[in-house]
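Here are a few short exercises to try with the model open beside you. Work through each task first, then read the solution.

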Amino acid sequence: MTKKKQKYTVLLLSAPIGSGHRLAAEALREAFAEHEEVEVVHGNVFDFFPHFLGTAFLRSYLWILGCCPWLYELAYKWGNSQGGSLWLRSMINRTLACLGSSYLKSINPDVVIATHATPAGIMSYYKHKHPELFLGAVITDFTVHKWWLCEGVETYFLADARLKDKITVPTQVEAFGIPLRQQFKNNAYDACRQKYGWRADERVCLVMGGGEGLLPMEEIIAALEKEHLAGLRLVAITGHNEKLAQKLRQRFASENNSGSAKATDTACPIEIYGFRQDVPQLLAAADMIVTKAGGLTCAEVLASGLDLLIYKPLPGQEQGNAAFLEKNYHAQICVNLEHLVQAIAKLACDSKPAPGKKPLGNALAAEQIVDYVLRKIRSK
């Protein structure tokens, strides 16, 4: 960029491996959209190669997480070593950079922000031929895998300042937090409680397993139902896993006119939902959550001020996230069902928090990242 442009093209490059990378890019797209001088493209690195390969990879990835998490753990640890895994990373990134060259040429971006390690690595090779490009990387976890670290990234954006020492390549590092969508701003606790009809004298526990509903929700709800915890309301959200939602409705509740399901014969009311657009408001209205340790989900929880209960974090970045959040943000890691029930029972007996929970995260991270990037490119 040798002279000031009338309009900058920003490419947000994510990967559909878990919803967090995509949602972080969507949050940045919303923030960039507030600036007329910017044209935003939200790209998917899987568009660089044939669709059937991406579909096969995603199916294999989900199958490994569900059936062979130990295999994912081995791959993650090997990838985080200094040995041959970095050679493999380089080969993959070089190949994908070649496959994506026509796509990148058609967009001709002035700025690329990667929300996944693979696009960051791909774009580091692209930047060799386009040194004027601003390349940023938004790490959507509370840990940093070595595959993220590559020359050419001008700025890394981290979830927490305490992770800065994990960036061992020469570059700029900023810690604004994981970018969150605008829906996470200005959600009042009392107003959201009234919206869902939740009483002021009950403790509301969300049970969420990400977009695929990967938590063992049936056994969690069954164990909590047996406890008959007075003053506790369970709200299970299965995401896109409608099969699981239907199974839970059939076992624990009877269908009502609103499409949700609520128990009628237990001291612990239960609501079952599939995919919801109003998750930010549900988080604002609830008191605690049982969930996976995905980075973006945890950032949303922190920004909403809930008590965070992480159940059996998956190997790899989830275990890293859980350990960091337990140490620095008072999250509780529950390694078995008994431990989880005890933790929820204790929280359910605690007195109600004052209206307006104390957020621990940064709901303005997306806007701060965008302001930083615009200052950088305007100065070139």
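The exercises below use a predicted model and deal with one helix and some salt bridges.

**Exercise 1. Check the span of helix α13 against the distance between its end C-alpha atoms.**

Solution. Start with the extent of the helix: α13 has 13 residues, 337-349. Next, take 1.5 Å a residue, counted for one less than the number of residues. The expected span is therefore 18 Å, and the end C-alpha atoms are 18 Å apart, so the two agree.

**Exercise 2. Find the buried residues of α13 and say what covers them.**

Solution. First apply the cut-off: a residue is buried when its relative accessible area is under 20%. In α13 this picks out L340, V341, A343, I344, A345, L347 and A348. Then look for what lies against them. The cover includes the strands β7 (203-208), β8 (232-237), β12 (288-291), β13 (307-311) and β14 (332-334), along with helix α8 (217-227). Finally, look at the start of the helix, where a side-chain oxygen of N336 comes within 3.3 Å of the backbone nitrogen of E338.

**Exercise 3. Which parts of the chain does the salt bridge between E154 and K127 tie together?**

Solution. Begin with the contact itself: the closest N and O atoms of E154 and K127 are 3.0 Å apart. Now place each partner. E154 sits in the loop between β4 (134-138) and β5 (155-157), while K127 belongs to helix α6 (residues 117-129), so the bridge joins parts that are 27 residues apart in sequence. Last, compare exposure with the cut-offs: E154 has 25% relative accessibility and so counts as partly exposed, whereas K127, at 12%, is buried.

**Exercise 4. For the salt bridges E202–R199 and R276–D278, decide whether each partner is buried or partly exposed.**

Solution. Take E202 and R199, whose side chains meet at 3.6 Å, N to O. E202 has a relative accessibility of 1% and so counts as buried; R199, at 43%, is partly exposed. Move on to R276 and D278, with an N to O distance of 2.7 Å. Here R276 is partly exposed at 22%, and D278 is buried at 12%.

**Exercise 5. Which residues are linked with R199 and E202 in a network of salt bridges?**

Solution. Starting from R199 and E202, follow the links on to D201, R233 and E271, which belong to the network as well. For the wider setting, count salt bridges over the structure: there are 18.

Notes: Residues numbered from 1 in each chain as written. Predicted model: local features only at pLDDT ≥ 70, side-chain atom pairs only at ≥ 80, totals over all residues. Heavy atoms only, no water. Helix = DSSP H or I, 4+ residues; strand = E, 2+ residues; numbered from the N terminus. Buried < 20%, exposed > 50% of the residue type's maximum accessible area, 1.4 Å probe, protein only. Contact = heavy atoms within 4.5 Å. Polar contact = N/O pair within 3.5 Å; in protein donor to acceptor, adjacent residues only side chain to side chain. Salt bridge = Lys/Arg side-chain N within 4 Å of Asp/Glu carboxyl O.
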